[in-house]
Amino acid sequence: MFKLLYKNKGITSFKFINKWARENNIKKIGHTGTLDPMATGLMIVATDDDTRLINYINKDSKNYKTTMKFGLDSNTLDSDGEVIQKKLINLSDIELLAKINSFVKTYNQIPPNFSAKKINGKRAYELARENKVFQLRSSEVTIDKIWNIEINYPNVTFEVRVSHGTYIRSLIRDIAHSLNTFAIMAILERTEVHRLSLDRVDEEINPKELIDYKFIKIKDIKKLIDGKSVNVIASDGEYIVEYNDDLVGFVCLKNNEVIKRKLFGNKLKGVK
């Protein structure tokens with residue numbers, strides 16, 4: 001099962017999904033992307049056998065609503081961190097609008113030190129908590145759109161659509177640095193993920209909505225389950241097997257024959 005959930009503020013993504021799993025008697029759970037503890041918004045969870053489909057989920061853009069607060073800098077780049085600088089400079093609405101809109105582009109972004117990025121097998125936030133000195137590599141991100149900009153200086157709220165792997169905390173840092181000042185992320189809400197918006201919270205999601213991949217229906221499903229030779233007329237390659245409008249495993253085809261199979265046993269119990 002895939003389910004669209006809404007995470008509240010003040011809890012880690014890990015604790016949030018595991019609490020939901022316990023309450024719903026789910027034995028195995030995974031998710032398609034974390035949110036910071038201070039953030040709210042949409043998360044997609046996968047349960048049981050469907051956790052094996054997570055790596056096949058589209059790396060679509062995501063939408064957020066955020067508030068940046070000028071005049072403060074923190075070690076985590078957000079309001080949960082330790083404030084390390086305070087200085088508020090005068091900025092006009094015209095300056096702010098022009099600079100924020102200039103970030104609708106593709107650029108190389110450095111993740112926050114307090115992030116889950118790994119350095120030599122260790123999470124960056126672990127090194128940061130140990131006060132270790134290190135530099136994370138930048139990665140290319142795309143800011144597709146920024147809209148509904150509301151200025152109540154020193155607070156600025158806007159909505160933004162970004163590519164997979166973009167850190168809103170880093171975007172806010174970079175906007176502020178381009179104005180020769182600093183700012184932190186005060187509020188963050190994820191409002192759309194994998195093309196799913198807030199009006200679908202608590203819905204069970206068909207994984208076919210989330211995956212752009214090759215699907216195949218195999219008539220001889222019992223032979224496939226039993227490990228017998230199965231012939232299928234299709235191009236060579238890997239496919240996700242569809243059965244009764246559900247995704248039940250993977251097969252690899254070569255010369256119209258199944259040469260590898262990895263099936264979701266629980267979903268295929270009782271097939272005759």
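**View 1. Strand E4 pairing with strand E11.** In this predicted model, E4 and E11 (residues 155–162) run antiparallel and are held together over eight bridges. To get your bearings along the pair, look for Thr66, which sits opposite Phe158 of E11.

**View 2. Strand E4 pairing with strand E12.** E12 (residues 183–193) is another antiparallel partner of E4, and eight bridges join these two strands. Here the residue to find is Thr67, whose bridge partner in E12 is Ile187.

**View 3. Strand E4 in its surroundings.** E4 covers residues 62–70, and seven of its nine residues are buried, so the strand is largely enclosed by the rest of the structure.

**View 4. The largest pocket.** This one has a volume of about 1400 Å³. Its lining takes in 43 residues, with Thr34, Leu35, Asp36, Ala116 and Tyr167 lying nearest the centre. The elements that put two or more residues into that lining are helices H1 (13–23), H3 (124–129) and H4 (168–178), along with strands E2 (29–31), E4 and E12. Sorted by class, the lining comes out as 17 nonpolar, 16 polar and ten charged residues.

**View 5. The second largest pocket.** Its volume is about 370 Å³. Ser74, Asn75, Leu77, Asn113 and Phe114 are the closest to the centre among the 21 residues that line this pocket. Strand E5 (72–74) and H4 each chip in at least two lining residues, and H4 gives the most, with three. As for chemistry, the lining splits into eleven nonpolar, six polar and four charged residues.

Terms used. Residues numbered from 1 in each chain as written. Predicted model: local features only at pLDDT ≥ 70, side-chain atom pairs only at ≥ 80, totals over all residues. Heavy atoms only, no water. Buried < 20%, exposed > 50% of the residue type's maximum accessible area, 1.4 Å probe, protein only. Helix = DSSP H or I, 4+ residues; strand = E, 2+ residues; numbered from the N terminus. Pairing = 2+ DSSP bridges. 1 Å grid on protein atoms, 1.4 Å probe; cavity = no way out; pocket = protein on both sides within 12 Å on 5 of 7 lines; lining within 4 Å. Points joined across faces, edges and corners; volume = space filled by probe spheres on them. Nonpolar A, V, L, I, M, F, W, Y, C, P; charged D, E, K, R; others polar.
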